[in-house]
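User: I'd like a close look at one part of this protein, with the surroundings filled in as you go. Keep it casual, please.

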Amino acid sequence: MTTLDVDALLDDPESRVIVCCGSGGVGKTTTAAALALRAAERGRQTVVLTIDPARRLAQALGLRELGNHPRQVQVEGFEPKGELWAMMLDMRRTFDDMVRVHAGPERAEQLLQNPFYQTISTSFSGTQEYMAMEKLGQLAATDEWDLIIVDTPPSRSALDFLDAPTRLSSALDGRMIRLLTGPAKAGGWGLRKVVSAGFSMFAKAVSTIIGGQLLADASAFMQAFDSMFGGFRERARKTAELLRSSGTSFLVIAAPEPDALREASYFVERLAGESMPLAGLVANRTHPVLASLSASEAIAAAESLQKGDTSAPLAEAVLRLHADRVALAERENRMLARFTKAHPEVPLVRVPALAGDVHDLEGLRDIGTKLVTD
């Protein structure tokens, strides 16, 4: 097994984007923030883009809240060699901004006020994943930061994230536009045919719009959207190119648990299949054994104390807890060994579980240190 050299990844001037991906609940957001903090302290101009709406990250960074545009982290006593900026994705606002950029003032206003747009901008399948990548493209285009760290949306499948640009673009492709802009020429039959044919991708998006108003709103939306569609697809293409570029690295985050490692294996295989550069796996919340005493020896010592003349309940409890910890560590080691056997080419680093939640910069700094002291 090769150990993942996190500092080498952060220090490499060719490293411009680091994408943290994995299933939900494995510590992606905290890991992304810890990486960004460490990179800034080592001299990089760093921005971290988080998808997690929880305020705990903003609080840990010393900010009251995070918005849809980067804010510099400036806390008393925090004097990094570089800079640390942070932002939290606002899916709707990002979609609105994209419309304004591509459609022009008058047409943009028509789109933004359209009820059909207001629904799909928040509920269309893949919107959050696409907007995360749209925001990444915006950040990369400014050249204000030399390192961008992305905390991807929690997902049970790598497909949701990696396919988002293509899926959302294809859902609104030229053929769909022709069908939906056809009612004016065919008395509304074109759109009715689309809807009645069961285009399921619209089912959820239009659930709050009823009756004939659906037809009018959808038709008006697609006619207005048609003018900016070329820019939309071009944006998706550039995003896909950015994800495959030599300056981008993917970190798969997982907990040492069967489901999380299964998802991690799928991410690894999918990234390889898509020719996307994988830096390695971060095994979060592991439970290393800090003493050389084996589980059997600890149990034997505990039972000896229990049978002895001198009562030592505290020592006995500690020994039994140690035995449980050893058993847990051995189970985690077996699961990680299976992962490395299946993916021997993937560098790995383990991050021990913390006693409590991270709530300040010192906590993030502690995680950053653990990322390089496997």
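In β7, which residue is the bridge partner of F250?

Analyst: It's L278 that partners F250 in β7. Before we go around the neighbourhood, a word on the model: it is a predicted one, where local features need pLDDT of at least 70 and side-chain atom pairs count only at pLDDT 80 or more, while totals for chains, interfaces and linings use all residues. Residues are numbered from 1 along each chain as its sequence is written, and side-chain values use heavy atoms, with hydrogens and water left out.

Back to that bridge. Strand β6 (residues 248-254) and strand β7 (residues 278-286) run parallel and are joined by five bridges; strands count as paired if DSSP finds at least two bridges between them. Both sit in an open sheet of eight strands with mixed pairing, in the order β3-β4-β2-β5-β1-β6-β7-β8. The edges are β3 (71-72) and β8 (348-352), each with a single partner strand, so one side of each has no neighbour in the sheet. Across the protein there are 18 helices and eight strands, taken as DSSP runs numbered from the N terminus (helices H or I, at least four residues; strands E, at least two).

On the other side of β6 you find β1, also parallel to β6 and joined to it by five bridges. There, C20 stands opposite L251 of β6. β1 also runs parallel to strand β5 (residues 147-151), this time through four bridges, with I149 in β5 as the bridge partner of I18. Five of the five residues of β1 are buried, meaning under 20% relative accessible area (exposed is over 50%, partly exposed in between, with a 1.4 Å probe and protein chains only). V17, V19 and C21 point one way from β1, while I18 and C20 point the other way.

Now for the helix on top of this. α15 lies across β1 (17-21), β6 and β7, and runs at about 160° to β6; that angle is between N-to-C directions on a 0 to 180 degrees scale, with axes fitted to C-alpha atoms, for helices over the stretch in contact. Contact itself means heavy atoms within 4.5 Å. The helix has 16 residues (258-273), which should span 22 Å at 1.5 Å a residue, and its end C-alpha atoms are 23 Å apart, in agreement. That expected span is 1.5 Å times one less than the number of residues. Among the buried residues of α15 are L261, F267, V268 and L271, along with E263 and R270.

Two backbone oddities turn up here. Most residues other than glycine have a negative phi. S275, in the loop between α15 and β7, has a positive phi of about 55° although it is not a glycine. At 57% relative accessibility, S275 counts as exposed. The other oddity is R285, with a positive phi near 60°, and this one is in strand β7 itself. R285 comes out as partly exposed, at 40% relative accessibility.

Finally, over at the β8 edge: α2 (28-41), α3 (56-60) and β8 are included in what covers the buried residues of helix α18. Those buried residues are L361, G363, L364, I367 and G368. Viewed down the axis of α18, they fall within an arc of 160°, so they line one face of the helix; the arc is taken over the directions from the helix axis to the C-beta atoms. For the whole protein, 48% of the 374 residues count as buried.
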